[in-house]
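Grab a pencil and work through the exercises below with the model open beside you. Try each task before you read its solution.

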Amino acid sequence: QNFTFSSALSLEEIRSLQAKFAEERQWRKFHTPRNLLLALVGEVGELSEIFQWRGEVGEGLPGWSLQDREHLGQELSDVLIYLVRLAEQCHVDLPEAVLRKLSLNAKKYPVHSSLGSSKKYNVLSYSDQPPGGATSTPLLPVSDGCGCI
């Protein structure tokens, strides 16, 4: 079964909510790119602790308690909030950067060369032509704005 998010909340709305939250507390002076990056790394560490010592975890987290799932949601949210705030402070249009990165990945990992393989792009065999000369999935449309890092 495919998972989907329940909310249509955009990254821009998250950015705006977080910016307002920080402004109300006069925290902007603390939200330098370096500080935000270090906070993000700390939150990724907290996220990692949730999975530490559990072994492999299946999709949907079978056997996890509601408390564990809630804790995971909180830590994932912390990571996303810091990531969006960092992108804002670095003036990176994150949605645009994501589209550019997905487009780049589609070029680095063409379907005919990477299908079912976990190999990194630099060890994939690009000499193989797709069956019947078919091309891989079309790349995502990307605007002309520079949202890349």
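What follows is a set of exercises on this predicted model, each with a worked solution.

**Exercise 1: Get your bearings**

Work out how many helices and strands the protein has, and in what order its elements run.

*Solution.* Start with the count: there are 5 helices and 0 strands. Next, walk along the chain from the N terminus, and the elements read α-α-α-α-α. Finally, look at burial across the whole chain: of the 149 residues, 22% are buried.

**Exercise 2: How do helix 2 and helix 3 pack?**

Find the angle between helix 2 and helix 3, and decide whether the two are roughly parallel or roughly antiparallel.

*Solution.* First, locate the pair: helix 2 covers residues 33–51 and helix 3 covers residues 66–89. Their axes lie 9 Å apart, and the packing angle is about 160 degrees. Now apply the cut-off: an angle over 145 degrees counts as roughly antiparallel. So helix 2 is roughly antiparallel to helix 3. One last detail is the handedness, and here helix 2 passes helix 3 in a left-handed crossing.

**Exercise 3: Far in sequence, what about space?**

Take Leu-40 and Val-79, and work out how far apart they are in sequence and in space.

*Solution.* Begin with Leu-40, which sits in helix 2. Leu-40 has a relative accessible area of 12%, so this residue is buried. Then jump along the chain to Val-79, 39 residues away in sequence. In space, the C-alpha atoms of Leu-40 and Val-79 are 5.8 Å apart.

Now do the same for Thr-32. This one lies in the loop between helix 1 and helix 2. Its partner here is Gln-89, with the two positions 57 residues apart in sequence numbering. From C-alpha to C-alpha, Thr-32 and Gln-89 are 7.0 Å apart. As for cover, Thr-32 has 32% relative accessibility, so it is partly exposed.

**Exercise 4: Follow the salt bridges of Arg-15**

Find which side chains meet Arg-15 in salt bridges, and where those partners lie.

*Solution.* Step one is Glu-12, whose side chain meets that of Arg-15 in a salt bridge at 2.7 Å, N to O. Both residues belong to helix 1 and are 3 residues apart, about one turn of the helix. Relative accessible area is 24% for Arg-15, so Arg-15 is partly exposed. Glu-12 is partly exposed too, with 44%.

Step two is Glu-88, which forms a salt bridge with Arg-15 at 2.8 Å, N to O. Glu-88 lies in helix 3 and Arg-15 in helix 1, so this pair ties together parts that are 73 residues apart in sequence. With 18% relative accessibility, Glu-88 counts as buried.

Step three takes you to another pair, Arg-25 and Glu-24, whose closest N and O atoms are 3.4 Å apart in a salt bridge. Arg-25 is partly exposed at 37% relative accessibility, while Glu-24 is exposed at 53%.

To finish, zoom out. Shared partners link Glu-12, Arg-15, Arg-85 and Glu-88 into one salt-bridge network. The count for the protein comes to 8 salt bridges.

**Exercise 5: Two positive phi values**

Look at Leu-61 and His-91, and decide for each residue whether it is buried or exposed.

*Solution.* Take Leu-61 to begin with. Its phi is near 55 degrees, a positive value in a residue other than glycine. You'll find Leu-61 in the loop between helix 2 and helix 3. Under 20% relative accessible area means buried, and Leu-61, at 15%, therefore counts as buried.

Now turn to His-91, where phi is near 60 degrees, again positive in a residue other than glycine. His-91 belongs to the loop between helix 3 and helix 4 (94–108). Over 50% means exposed, and His-91, at 71%, therefore counts as exposed.

**Exercise 6: A nonpolar patch**

Find which residues form a nonpolar patch on the surface, and what accessible area they have together.

*Solution.* The members are Phe-21, Trp-27 and Phe-30, and together they have about 290 Å² of accessible area. Zoom in on Phe-30, which is placed in the loop between helix 1 (11–24) and helix 2 (33–51). Relative accessibility is 46% there, so Phe-30 counts as partly exposed.

Key: Residues numbered from 1 in each chain as written. Predicted model: local features only at pLDDT ≥ 70, side-chain atom pairs only at ≥ 80, totals over all residues. Heavy atoms only, no water. Patch = residues over 30% accessible without salt bridge, like charges linked within 9 Å, V, L, I, M, F, W, Y side chains within 5 Å. Areas by Shrake-Rupley, 256 points an atom, 1.4 Å probe, with all protein chains shown as cover. Salt bridge = Lys/Arg side-chain N within 4 Å of Asp/Glu carboxyl O. Helix = DSSP H or I, 4+ residues; strand = E, 2+ residues; numbered from the N terminus. Buried < 20%, exposed > 50% of the residue type's maximum accessible area, 1.4 Å probe, protein only. Axes fitted to C-alpha atoms, helices over the stretch in contact; angles between N-to-C directions. Parallel < 35°, antiparallel > 145°, perpendicular 65-115°, else oblique. Left-handed = near helix turned anticlockwise from the far one by under 90°.
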